[in-house]
Amino acid sequence: MAHELRLTGERLTGELVAKVEELSGENLYACFQCGKCSAGCLFADHMDLLPSQVLRLVQLGDEDVLSAQAPWVCASCLACAVRCPKGVDIAKVMEAIRLISLRKGEPHLSPRALAKEERLPQIALVGAFRKMTP
Amino acid sequence: MKRIPYFPGCGLKDQARGFELAALAAMERLGYELAELPRWNCCGTVYSLASDDLMRHLAPIRNLIRVQELGESRLVTLCSMCFGTLKRSAQFVEEDSERLATINAFMDEEDDYQGGVEVLHLLAVLRDEVGYEAIEEAVERPLEGLKVAPYYGCMLLRPRGLGVDDPDHPRVMEELLSALGAEVVDHPYKVECCGSYLTAGRADVVEARVAAIAGAAVQRGADLIATSCPLCQFNLDTRLSQAAGRRGTPSIPSVYFTQLLALALGADPHLGEQAIDPRPVLAARGFLSEVRG
Ligand code: SF4
Ligand code: SF4
């Protein structure tokens, strides 16, 4: 995704950074953009932003990140979390971004989308609805 | 017979009956009763990664209270997802007494959770308590000639320090399979995610993942993939079978590790739920004739 970066001091001290830091409990500025998380993310080729790019936009306070698809393609597999050389748990950052939308009451998955499925196990339904609905 | 409190979780009472039934039968032969936890409830499947979502920890903690009510201090699971959720919630309240106090205050009927319940995965019990030597001795029908590719997925191994083994180079499933006499087929996707709950809504993503995992196993000559999670199993089995025929998708059956354990110990492996039937390859290798209930 081509992205124009607009840097302002206000953004860096703005609400997005504070919210994601609080929800995730992670120090966003520990990330030095090495890209190891993105290199190892098996879902990156289905994402519009790489995990490290998601993190970068949050660092810069860019609210466009809230409309990215990447956090919804993230399967919370924690591969990035165990590999980050700076100890950043990106899975938690992805969760924080999902929660910012979900807590505005915006679901990402609707039961209707699953209407064609013959039989999905409970474990898939409970997991997906917990992650993708308010 | 030793007794260990056991948490089945929803999957094992539904599409993954074979996972549980094979485990109960196999463990009995090893001298262990997996005693189902009274009044257990769904663990919530996915662990909340948010710092503030205390509500999501109620379900796991309530299960730990049930363990406490028995006067026990351990809980064993078979499902990797349940394992991850219960284990991490236990840790989440262990590291912050305020969180625990809030969660306890929310629950009226139960006694307060005091902390200290240890959540174990059956693979760790087999390794650390039963021991591979005892398992080898109990094997009646060594799985000689059966080529098995272990598949760990995520929640059994991650995050670091809470999983059953090293997150990058796990050995626990390999060692168990070797103790059963099987030939272990190593492959680069054994710790890589199958797509997990994305299977609800993003079957396309999951199909791509499981095709890669199965392809790696097939390429290295595996007969079967061994799993430890009903969600991995659904993805590797049902989703893979649905993708069959597209883009040269490989086909290989997946079974739960408990089913291979049961088979080797001479107990009923409770096969038959799989979309990609493992019985033909097991029969071809001569393993199905000697099964008894
Ligand atoms: S691996 Fe860690 S430090 Fe490197 S880009 Fe990802 S989050 Fe940043
Ligand atoms: S947790 Fe999400 S971002 Fe991290 S490697 Fe897994 S899918 Fe990718």
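**Figure 1. The salt bridge between K131(A) and E95(A) in the predicted model.** In this predicted model, K131(A) and E95(A) form a salt bridge in which the closest N and O atoms are 2.7 Å apart. Because K131(A) belongs to helix α8 of chain A and E95(A) to helix α7 of chain A, the pair ties together parts that lie 36 residues apart in sequence. Both K131(A) and E95(A) are buried. A search of the whole structure, taken over all chains, finds 27 salt bridges.

**Figure 2. Salt bridges within chain B, including the pair E69(B) and R66(B).** The closest N and O atoms of E69(B) and R66(B) are 3.0 Å apart, and both residues lie in helix α2 (residues 58-69) of chain B, three residues apart, which is about one turn of the helix. E69(B) counts as partly exposed because its relative accessibility is 45%, whereas R66(B), at 5% relative accessibility, counts as buried. D277(B) forms a salt bridge with R279(B), the closest N and O atoms again being given as 3.0 Å apart. D277(B) is partly exposed, with a relative accessible area of 29%, and R279(B), at 35% relative accessibility, also counts as partly exposed. Elsewhere, a network of salt bridges links K13(B), R17(B), E20(B) and E36(B).

**Figure 3. The interface of chain B and chain A.** Between them, chain B and chain A bury about 3,500 Å², and 61% of this area is on carbon and sulfur atoms. Chain B gives 44 residues to the contact, and chain A gives 36 residues. Across this interface the rule finds five salt bridges. R103(A) forms a salt bridge with D52(B), and the closest N and O atoms of that pair are 2.8 Å apart.

**Figure 4. Helix α9 (residues 230-243) of chain B and the elements around it.** The 14 residues of this helix should span 20 Å at 1.5 Å a residue, and the end C-alpha atoms are 19 Å apart, so the span of the model agrees with the expected one. α9(B) is mostly covered, since twelve of its 14 residues are buried; among them are L231(B), F234(B), L236(B) and L240(B), together with the charged-type names D237(B) and R239(B). The buried residues of α9(B) pack against α8 (122-132) of chain A, and also against α1 (17-29), α3 (80-94), α8 (203-219), β7 (224-227) and β8 (254-256) of chain B. Just after the helix, G245(B) takes a positive phi of about 95°.

**Figure 5. R99(B) in helix α4 (residues 97-106) of chain B.** R99(B) has a relative accessible area of 19% and is therefore buried. When its neighbours within four places in sequence are left aside, R99(B) is in contact with L54(B) and F92(B).

**Figure 6. The surroundings of ligand 1.** The residues around ligand 1 include C31(A), C34(A), C37(A) and C84(A), as well as F32(A), K36(A), K86(A) and I90(A). By class, this shell has seven nonpolar, three polar and two charged residues.

**Figure 7. The surroundings of ligand 2.** Among the residues that surround ligand 2 are C41(A), C74(A), C77(A) and C80(A), along with F43(A), P51(A), S76(A) and M94(A). The elements that give two or more residues to this shell are α6 (79-83) and α7 (90-102) of chain A. By class, the shell around ligand 2 has eleven nonpolar, one polar and no charged residues.

Key
Residues are numbered from 1 along each chain as its sequence is written. Chains are lettered from A and ligands numbered from 1 in the order in which they are written. This is a predicted model: local features need pLDDT of at least 70, side-chain atom pairs count only at pLDDT 80 or more; totals for chains, interfaces and linings use all residues. Side-chain values use heavy atoms; hydrogens and water are left out. A residue is near a molecule or strand if one of its heavy atoms lies within 4 Å of it. Helices (H or I, at least four residues) and strands (E, at least two) are DSSP runs, numbered from the N terminus. Ala, Val, Leu, Ile, Met, Phe, Trp, Tyr, Cys and Pro count as nonpolar, Asp, Glu, Lys and Arg as charged, and the others, Gly among them, as polar. The expected span of a helix is 1.5 Å times one less than its number of residues. Buried means under 20% relative accessible area, exposed over 50%, partly exposed in between (1.4 Å probe, protein chains only). Contact means heavy atoms within 4.5 Å. Buried area is the accessible area (1.4 Å probe) that two parts lose on being put together, summed over both. A salt bridge is a side-chain nitrogen of Lys or Arg within 4 Å of a carboxyl oxygen of Asp or Glu.
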